[in-house]
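Walk through this structure with me, one piece at a time. We begin in a loop and then move on to strands.

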Amino acid sequence: MTLTPELSKETAAEVRTRFGTPCYVYDRAGLEAAARRALAFPAPFGFTLRYAMKANPSRGVLDVFRALGLHVDASSDNEVVRALRAGFPPEQIQLTSQMPSRQLAEHLARGVIFNACSLHQLEELGRIAPGHEASVRLNPGRGSGSAKRTNTGGPAASFGIWHAHLDEAKALAARHRLVVRGLHTHIGSGSDPAVWVRVAELVLEIAERLPAVITVSLGGGFKVARVPGEQATDLAAVGSVVRQAFVGFHRRTGRRLHLEIEPGTYLVANAGVVVATCVDMVDTGQDGYLFAKLDAGMTEVTRPSLYGAQHPIAVLAEGRPAARVVFVGPCCESGDILTPAPGDPEALAPREVARPEIGDLVVVGGAGAYCAAMSTGNYNSYPLAPEVLREPDGSLRLVRRRQSLEQMLANEVE
């Protein structure tokens, strides 16, 4: 089993000795390589690569991407603040939030870009800043994703202004003298280029009805393959058809649209792992399962419990017989499973690995995106795990300490 980034037994042991387990490890070289691939996206009339920081808002990760010239898409007021603290200029930060901003006036005064995700949000923008330039997120009516919970477009998704309400949005903008300069969509997590082609066509059809639009964002959701058998998005193939669509739009309308994309998973997923320790072994008899209990589980990697998502898992042991193993976490929770059946968090799917023993190092891969950021931290009073950045020379640098019990209890009032 190859993990990305590859982590030797010696490096994993160093992680455990210096920082303890469980511990996230992010690989700078992997982050930079993914960013450079995305920066090469073929846009004919200007291009901006935004990092969807909800995937992993670690300061260490943000610093890497800021240095490469990426901009940020933030999903909350607090993410805006975190991006500012990480050194991103306000004009490089866009707020695209499900929740109406409680700091909108402050963000606008700083120069943060606001992307209205509902008619109510657009109304709030007009009330606070009449005459301001606006960006709107529209649901184009089509989505993509491996599960409904990763699909952010189409009639089952609450994200953005439904495309049929465009005239209402235009009237609202006109009433407040808002100039709609940006058009934004995000269809979800999928790998089929044909879906991206159709969505690009739908978005450009909408752009024709918004003559002041100069920037179009196609969002993110570029799928990565964490385990064998999964289909990754071919960014070059998607970029080629998107480029053709933008060139065709220019020929048809004379307008040169600046393109933005905002990947999260694509940039960080396979640049991160969790280093864990096998803390116990149990079985449920001949007709049952062999369970390896790790000190990492849903508190660090929640995706398997939520989606039936698959992550590579390696037992760093040699000379052991193979065994079919179900990996579980430390929580007193039947859903704390790291090896569910693909797409089915209710079913178990044992992995064939070197038979674990108590004390073994175990590495869970594909953990750079939506793991630390989406953890169920503090369940069973487990602390948030530390985060470490591995530099190209192999050195390890702590970028977030392990949470202490005192920090966990700090807000309790006696």
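Pro22 sits in the loop that links α1 (9–19) to β1. The model is a predicted one. Is Pro22 buried or exposed? Its relative accessibility is 8%. The cut-off for buried is under 20%, so Pro22 counts as buried.

Which residues does Pro22 touch, leaving aside neighbours within four places in sequence? Its contacts are Val274, Val275, Asp295, Ala296, Glu300, Ala385, Pro386 and Arg402. Now take Leu384. In sequence, 362 residues separate Pro22 from Leu384. In space, their C-alpha atoms are 9.1 Å apart.

Next comes strand β1, residues 23–27. Its partner is β19, and the two are parallel. Four bridges hold this pairing. Within it, Tyr26 stands opposite Leu389 of β19.

Strand β19 covers residues 387–390. In a regular strand, side chains alternate between the two faces of the sheet. How are the faces of β19 placed, covered or open? Both are covered. Glu387 and Leu389 lie on one side, and both are buried. Val388 and Arg390 lie on the other side, and they are buried too.

β19 also pairs with strand β20, residues 396–400. Here the strands run antiparallel, again over four bridges. Arg390 stands opposite Leu396 of β20. Together β19 and β20 make a hairpin, with five residues between them. One residue in the turn is Gly394, which has a positive phi of about 90 degrees.

So β19 has two partners to keep in view: β1 in the parallel sense, and β20 in the antiparallel one.

Conventions: Residues are numbered from 1 along each chain as its sequence is written. This is a predicted model: local features need pLDDT of at least 70, side-chain atom pairs count only at pLDDT 80 or more; totals for chains, interfaces and linings use all residues. Side-chain values use heavy atoms; hydrogens and water are left out. Buried means under 20% relative accessible area, exposed over 50%, partly exposed in between (1.4 Å probe, protein chains only). Two strands pair if DSSP finds at least two bridges between them. Contact means heavy atoms within 4.5 Å.
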